[in-house]
Amino acid sequence: MAHVKRHPHRGTARRAAPLAAVALALLLPATALAAQAPAPAARAAATDCTLNGVPQPGPDIIGTNADDTIVCSSLDAGHTVEALGGADTITLTGGIDGNVRGGDGGDRITLAGNSASVGPMGSIDGQFGDDTITIEALVLGAVRGGQHNDTVHFVNGSSMASRTLVRGARGHDNLTFDDEVEVSGTVEGAEEDDVIRVFGTVTQNGEVLGGTGDDDVHVHNNQGAVDARPGENDRCVVDMGRPCLR
Ligand SMILES: [Ca+2]
Ligand SMILES: [Ca+2]
Ligand SMILES: [Ca+2]
């Protein structure tokens, strides 16, 4: 073990300053160190997107008015994706705590992957144009079709919670929830004639609302509230559980 006893021949003075800094840091009160550390609730900036293959760190990922391809594996709270005009393809594969907006044009927005989720403050909004929004993962925040005739599809493997909002908004919207999806929170077609299909269960924490316009609502198993009103020619069907409110 000769090397243990060997004294350094040089560099001692240069090392002294860093060592002193370390020693000083060790002497600092714990509160001072804590003040320098980020608050536990605030995560380090992690927005990680690409726009047409080019990395985009955020906070704002701005598309072009052509057809863009945007992929985000993370979007921090307060950060935005603004796809602007064109038929954009937006794929969300991680934690989405910011706001994703399709802009004009018929956009395709997909939430997919084992680690994908829309957090409580996160949102997806198709905005103008006939948008197709496909949800394959957890949504705690909001999914909005925005204006025009949108298709929102929660496929098997997706999930919701009591504060989730799914809103067709203006236009004739199609909102579909596959048979293994437990619908919680609020699902609403809102303005104009909408088609809402729940092939599984609306939980006791869930409500499905047609809104204005003549809506066509069909829920397989309702343990919550289903109400197509107030359209004059609404169609509302529940196969089992609590009947439609009238
Ligand atoms: Ca767009
Ligand atoms: Ca739309
Ligand atoms: Ca609507």
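**Exercise 1. Where to be careful**

How many contacts beyond four places in sequence does the model have for residues 39–43? Work that out, then decide how to treat the low-confidence parts of this predicted model.

*Solution.* Start with the stretch itself: residues 39–43 have zero contacts beyond four places in sequence, and their pLDDT stays under 50. Next, go to the start of the chain. The protein chain as a whole averages a pLDDT of 88, with 82% of the residues scoring at least 70. Residues 1–35, though, have a pLDDT below 50, and beyond near neighbours in sequence this stretch has one contact in the model. Where pLDDT is low, the predicted coordinates should not be read in detail.

**Exercise 2. Taking stock of the fold**

Count the helices and strands, then say what part of the chain is buried.

*Solution.* First the tally: the protein chain has three helices and 22 strands. Then burial: of the 246 residues, 40% are buried. Last, look at sequence separation. Among contacts with a separation of 6 or more, 16% come from residues 24 or more positions apart.

**Exercise 3. Following β19 through its partners**

Which strands pair with β19, and in which sense?

*Solution.* Take the partners in chain order.

- β17 (residues 174–177) pairs with β19 in the parallel sense over four bridges; here leucine 175 stands opposite isoleucine 196.
- β18 runs parallel to β19, and six bridges join them; threonine 186 stands opposite glutamate 207.
- β20 (residues 216–222) is also parallel to β19, again with six bridges; look for threonine 201 opposite asparagine 221.
- β21 pairs with β19 in the parallel sense over four bridges, and leucine 209 has aspartate 227 as its bridge partner.

**Exercise 4. Parallel or antiparallel at β4?**

Work out how β4 runs relative to β1 and to β6.

*Solution.* Step one: β1 (residues 48–51) and β4 (residues 69–75) are antiparallel, with four bridges. You can pick up this pairing at leucine 51, whose bridge partner is isoleucine 70. Step two: β4 and β6 run parallel and share six bridges. Here threonine 69 has threonine 89 as its bridge partner.

**Exercise 5. Inside the core**

Which residues of the largest nonpolar core touch the most other members?

*Solution.* The core has 43 residues, and the ones to mark are Val81, Val100, Val143, Val183 and Val208. β19 gives the most to this core, with five residues. Now zoom in on valine 143: leaving aside neighbours within four places in sequence, its contacts are Ile124, Ile133, Ile135, Val152 and Val166.

**Exercise 6. Backbone oddities**

Find two cis peptide bonds and two positive phi values outside glycine, and place each one.

*Solution.* Begin with the prolines. Glycine 58 and proline 59 are joined by a cis peptide bond with omega about 5°, and proline 59 lies in the loop between β2 (54–56) and β3 (60–62). The bond from arginine 229 to proline 230 is cis as well, with omega near 10°; proline 230 belongs to strand β21 (residues 225–230).

Now phi. Leucine 84 has a positive phi of about 60° and sits in the loop between β5 (80–82) and β6 (89–96). Glutamate 192 has phi near 75°, in the loop between β18 (182–188) and β19 (195–211).

Why does leucine 84 count as partly exposed? Because it has 17 C-beta neighbours inside 10 Å, and a residue needs 20 or more to be buried. Glutamate 192 is partly exposed too, because its count inside 10 Å is 19 C-beta neighbours.

Technical notes: Residues numbered from 1 in each chain as written. Chains lettered and ligands numbered in written order. Predicted model: local features only at pLDDT ≥ 70, side-chain atom pairs only at ≥ 80, totals over all residues. Helix = DSSP H or I, 4+ residues; strand = E, 2+ residues; numbered from the N terminus. Buried ≥ 20, exposed ≤ 12 C-beta atoms within 10 Å, placed from the backbone. Pairing = 2+ DSSP bridges. Contact = placed C-beta atoms within 7 Å. pLDDT = per-residue confidence, 0-100. Core = buried A, V, L, I, M, F, W, Y, C linked by C-beta atoms within 7 Å.
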